[in-house]
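I opened my notebook to get to know a new structure. Come along and look things up with me, one entry at a time.

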Amino acid sequence: MAAKSRTRKSARRLRQWLTGVIILLLFINILVLARAAELITFPGEASDTTLLREGAMALAEYYESQAGRLGLERNTAVREALAKFKFEVSKASDPEAIAYIIGYYGRATGDVMERELENRRREAVLAIINSDPKTLAVTGQAMITVSATQDGRINVEDPARVLSSQAVDMIQKSAALPGLLAPIDIEISGGKANVITPRTMQDRIRLLRDEADSLRLSLDELRRAAGYSSLTGQGILVSLYDAEGGFSKDEVVQEKDIRDIVNELFAAGAQGVEVGGQRLIATSSIRSAGPQVLVNQRPVPVNPVLIRAVGDPEVLESSLDLIRNSLKRWGIRVEVERLASVTLSPYRTQ
């Protein structure tokens, strides 16, 4: 009897020990998953999103300091560009979005500062020439070019010699012209000077290159929003299950149920939605064909039907409360999982 009692005690202790080990392993597994999803960080540790956001803000502050150094801190266009840059960084929710903002709005802010600096240089030269009494005396036309030499000196080309020596000296010593890159062409006609821009091939190439870069970035953004490029960000995964043992039309997930959920997600600000691995675009169709559900004319797995959406997880999930309750009475189960990162594949034509 005593031996049997000791055996039972040993078996009970072994079960308790194994249970403890299993609980510990599950706890460690949960910690690992939470770390991978950036839900847990160690004290003093920052997530990739936080680090990238801080880097973007540091870039904005650098532009701000440069604007102050160049005397552009009160320029309206520069202030608006900096404010837009910071606003977009503050509302970005994932590393990919922040990287895009740095590329697009960071570049745009730099371009605005360079453009406003060039405008100020041109205005400074124009003001000096228009204030020169000899300019007012010009009855025909004359051309003047102001450029920087390789050693940084300001050169004034005045083939018709219409400017006074004082005006030329003022241009060469102007505090606005250090750092001048592109030549400034001035046309004097009827006693009034006007800037001619752009004239040089370098100007045209730079402007066309900037325009092409801007258009390419806009195209990338449109393709992502339209569903023709992959899209990554935080979002949700919706799983739609048929009623257990259900077979009637009301107890099986139908095309209307899926369309209602998709419409609610887009209304709640979803940047993109995918149903059963099929990315939705403006002309996408969702319909039932017997037991199958077709999305973009292709059958998708059912029970569950999986819907992925990129957007604010909390807002997206709350937008489905009404639909979830309405489907619940028919036994249809709607499960929602918030995801720190979800990637939607691009729309496929074949």
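These are my entries on sheets, cores, a pocket and a few single residues.

**Ground rules**

I am working with a predicted model, in which local features need pLDDT of at least 70, side-chain atom pairs count only at pLDDT 80 or more, and totals for chains, interfaces and linings use all residues. I number residues from 1 along each chain as its sequence is written, and side-chain values use heavy atoms, with hydrogens and water left out. My helices (H or I, at least four residues) and strands (E, at least two) are DSSP runs, numbered from the N terminus.

**Entry 1: the open sheet**

I looked up the strand order first. An open sheet of 5 strands runs β7-β6-β11-β5-β12, with antiparallel pairing. β7 (278–279) and β12 each have a single partner strand, so one side of each edge strand has no neighbour in the sheet. For two strands to pair, DSSP must find at least two bridges between them. Between β6 and β7 I found 2 bridges, and these strands run antiparallel. Here Glu274 sits opposite Arg279 in β7.

On the edge strand β12 I picked out Ala340. Ala340 is partly exposed at 42% relative accessible area; on this scale buried means under 20%, exposed over 50% and partly exposed in between, with a 1.4 Å probe and protein chains only. Ala340 and Val310 lie 30 residues apart in sequence, and their C-alpha atoms are 9.9 Å apart.

**Entry 2: the hairpin**

Next I turned to β1 (residues 141–148) and β2, an antiparallel pair joined by 4 bridges. They form a hairpin with 5 residues between them, and Gly152 in the turn has a positive phi of about 90°. Ser147 faces Asn155 across the pair.

Which face of β2 (residues 154–157) is covered? Ile154 and Val156 make up the covered face, while Asn155 and Glu157 are on the uncovered one. A general note I keep beside this: side chains in a regular strand alternate between the two faces of the sheet.

**Entry 3: the nonpolar cores**

I then searched for nonpolar cores, meaning sets of buried Ala, Val, Leu, Ile, Met, Phe, Trp, Tyr and Cys residues joined through side-chain atoms within 4.5 Å. The largest has 26 residues, and Ile236, Leu240, Ile258, Leu265, Val273, Val275 and Ile307 touch the most other members. Two or more residues come from each of β5, α8 (255–267), β6 (272–275), β9, β11, α10 (321–328) and β12 (333–344). The largest share, 4 residues, is from α8. Apart from this core lies another, of 20 residues, among them Val146, Val156, Val162 and Ala167.

I followed Leu240 further, counting contacts as heavy atoms within 4.5 Å. Not counting residues up to four places away in sequence, Leu240 touches ten-odd names I will sample here, including Val253, Ile261, Pro304 and Leu327.**Entry 4: two loops**

Leu240's contacts also include Asn303, so I went there next. Asn303 lies in the loop between β10 and β11. A cis peptide bond with omega about 15° joins Asn303 to Pro304, and Pro304 is in the loop between β10 (298–300) and β11 (305–310). Asn303 is not a glycine, yet has a positive phi of about 45°. Is Asn303 exposed or buried? Asn303 is partly exposed, with a relative accessible area of 41%.

Gln297 has a positive phi of about 65°, and is not a glycine either. Gln297 sits in the loop between β9 (292–295) and β10. With a relative accessible area of 52%, Gln297 is exposed.

**Entry 5: the second largest pocket**

For pockets I use a 1 Å grid over the protein atoms alone: a pocket is an open set of points with protein on both sides within 12 Å along at least five of seven lines, and lining residues have an atom within 4 Å of a point. How much volume does the second largest pocket have? Its volume is about 500 Å³, taken as the space filled by probe spheres set on the points. Of its 21 lining residues, Lys91, Ala97, Glu221, Arg224 and Gln271 are closest to the centre. The elements giving two or more residues to the lining are α3 (76–91), α4 (95–130), α7 (201–226) and β5 (231–241). The largest share, 6 residues, is from α4.

By class I found 8 nonpolar, 6 polar and 7 charged lining residues. Ala, Val, Leu, Ile, Met, Phe, Trp, Tyr, Cys and Pro count as nonpolar, Asp, Glu, Lys and Arg as charged, and the others, Gly among them, as polar.

**Entry 6: a residue on α4**

My last stop was Arg120 in helix α4. Arg120 is partly exposed, at 30% relative accessibility. Leaving aside neighbours within four places in sequence, Arg120 is in contact with Leu70, Gly71 and Leu72. Arg120 and Ala270 are 150 residues apart along the chain, and their C-alpha atoms are separated by 43 Å.

How values were computed: 1 Å grid on protein atoms, 1.4 Å probe; cavity = no way out; pocket = protein on both sides within 12 Å on 5 of 7 lines; lining within 4 Å.
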